[in-house]
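This report describes the fold, the sheet and the interior of one protein chain. The sequence and the structure are shown first.

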Amino acid sequence: MNDQETHMHFALCLDNAGYEVSLELGKLYRVVTDSQAEEHGYIRIIDESGEDYAYSIERFYQLTLPEPVEQTLLLAMA
């Protein structure tokens, strides 16, 4: 397993146009791995509803964070 696979990933919302209720501009969201969505240019995230939905990948900037930072974010999001 490589380093990227061992960590959760997060994405920063850069564009919430048309999804103002579901996405907050500038907010960090947890990414759910979905290779089928990625093949079609989408990213699956846990949005403001608390559920995971696919959005255009162009709306987000994906981040890989150090494990302690990710763990802190996951605790804060729980």
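Which residues make up the largest nonpolar core? In this predicted model, the largest nonpolar core has 9 residues in all: Ala-11, Cys-13, Leu-23, Tyr-29, Val-31, Ile-43, Ile-45, Tyr-55 and Phe-60. The elements that contribute two or more residues to this core are E1, E2 and E3.

## Overall fold and confidence

The protein chain contains 2 helices and 5 strands, and along the sequence these follow the pattern β-β-α-β-β-β-α. Of its 78 residues, 24% count as buried. The accessible surface of the protein chain is about 5300 Å², and 51% of this belongs to carbon and sulfur atoms. Among contacts between residues at least 6 apart in sequence, 42% join residues at least 24 apart.

Mean pLDDT for the protein chain is 88, with 90% of residues at 70 or more. Confidence is highest in strand E4 (residues 52–56), at a mean of 97, and lowest in helix H2 (residues 67–77), at 86. Over residues 1–6 pLDDT stays under 50, and the model has 3 contacts beyond four places in sequence for this stretch.

## The sheet

The 5 strands form an open sheet in the order E4-E3-E2-E1-E5, with antiparallel pairing. E4 and strand E5 (60–63) are at the edges and have a single partner strand each, so one side of each lacks a neighbour in the sheet. From one strand to the next, the twist averages 45°. Helix H2 lies across E1 and E2, and runs at about 70° to E1.

Strand E3 (residues 42–46) is joined to E2 by 2 bridges and to E4 by 5 bridges; E3 runs antiparallel to E2 and also to E4. On the E2 side, Val-32 stands opposite Arg-44 in E3. On the E4 side, Ile-45 has Tyr-53 as its bridge partner, and Tyr-42 stands opposite Ser-56. E3 and E4 form a hairpin with 5 residues between them, and Gly-50 in the turn has a positive phi of about 90°.

In a regular strand, side chains alternate between the two faces of the sheet. Strand E3 has a covered face with Ile-43 and Ile-45, and an uncovered face with Tyr-42, Arg-44 and Ile-46. Both Ile-43 and Ile-45 belong to the largest nonpolar core.

## Individual residues

The table gives the relative accessible area of three residues.

| Residue | Location | Relative accessible area |
|---|---|---|
| Asn-16 | loop between E1 and E2 | 16%, buried |
| Leu-23 | loop between E1 and E2 | 0%, buried |
| Ser-56 | strand E4 | 24%, partly exposed |

Leu-23 counts as buried because its relative accessibility of 0% is under 20%. Outside its neighbours within four places in sequence, Leu-23 is in contact with Cys-13, Asp-15, Asn-16, Tyr-29, Ile-45, Asp-47, Glu-48, Tyr-55, Arg-59 and Phe-60. Several of these contacts, including Cys-13, Tyr-29, Ile-45, Tyr-55 and Phe-60, are also members of the largest nonpolar core. Leu-23 and Cys-13 are 10 residues apart along the chain, and their C-alpha atoms are separated by 7.2 Å.

Asn-16 lies in the loop between strand E1 (9–13) and strand E2 (28–32). With residues up to four places away in sequence left out, Asn-16 touches Leu-23, Glu-24, Leu-25 and Arg-59. Asn-16 is buried because its relative accessible area of 16% falls under 20%.

Tyr-55, another member of the core, touches Tyr-19, Ser-22, Leu-23, Gly-41, Tyr-42, Ile-43, Ile-45, Asp-47 and Phe-60, not counting residues up to four places away in sequence.

Is Ser-56 buried or partly exposed? Its relative accessible area is 24%, so Ser-56 is partly exposed, lying between the limits of 20% and 50%. Beyond its neighbours within four places in sequence, Ser-56 contacts Gly-41, Tyr-42 and Ile-43. The C-alpha atoms of Ser-56 and His-40 are 8.8 Å apart in space, and the two residues are 16 apart in sequence.

Key: Residues are numbered from 1 along each chain as its sequence is written. This is a predicted model: local features need pLDDT of at least 70, side-chain atom pairs count only at pLDDT 80 or more; totals for chains, interfaces and linings use all residues. Side-chain values use heavy atoms; hydrogens and water are left out. pLDDT is the predictor's confidence in each residue, from 0 to 100. Helices (H or I, at least four residues) and strands (E, at least two) are DSSP runs, numbered from the N terminus. Contact means heavy atoms within 4.5 Å. Buried means under 20% relative accessible area, exposed over 50%, partly exposed in between (1.4 Å probe, protein chains only). Two strands pair if DSSP finds at least two bridges between them. Axes are lines fitted to C-alpha atoms, for helices over the stretch in contact, and angles run from 0 to 180 degrees between N-to-C directions. Accessible areas come from the Shrake-Rupley method with a 1.4 Å probe; for residues, only the protein chains shown count as cover. A nonpolar core is a set of buried Ala, Val, Leu, Ile, Met, Phe, Trp, Tyr and Cys residues joined through side-chain atoms within 4.5 Å.
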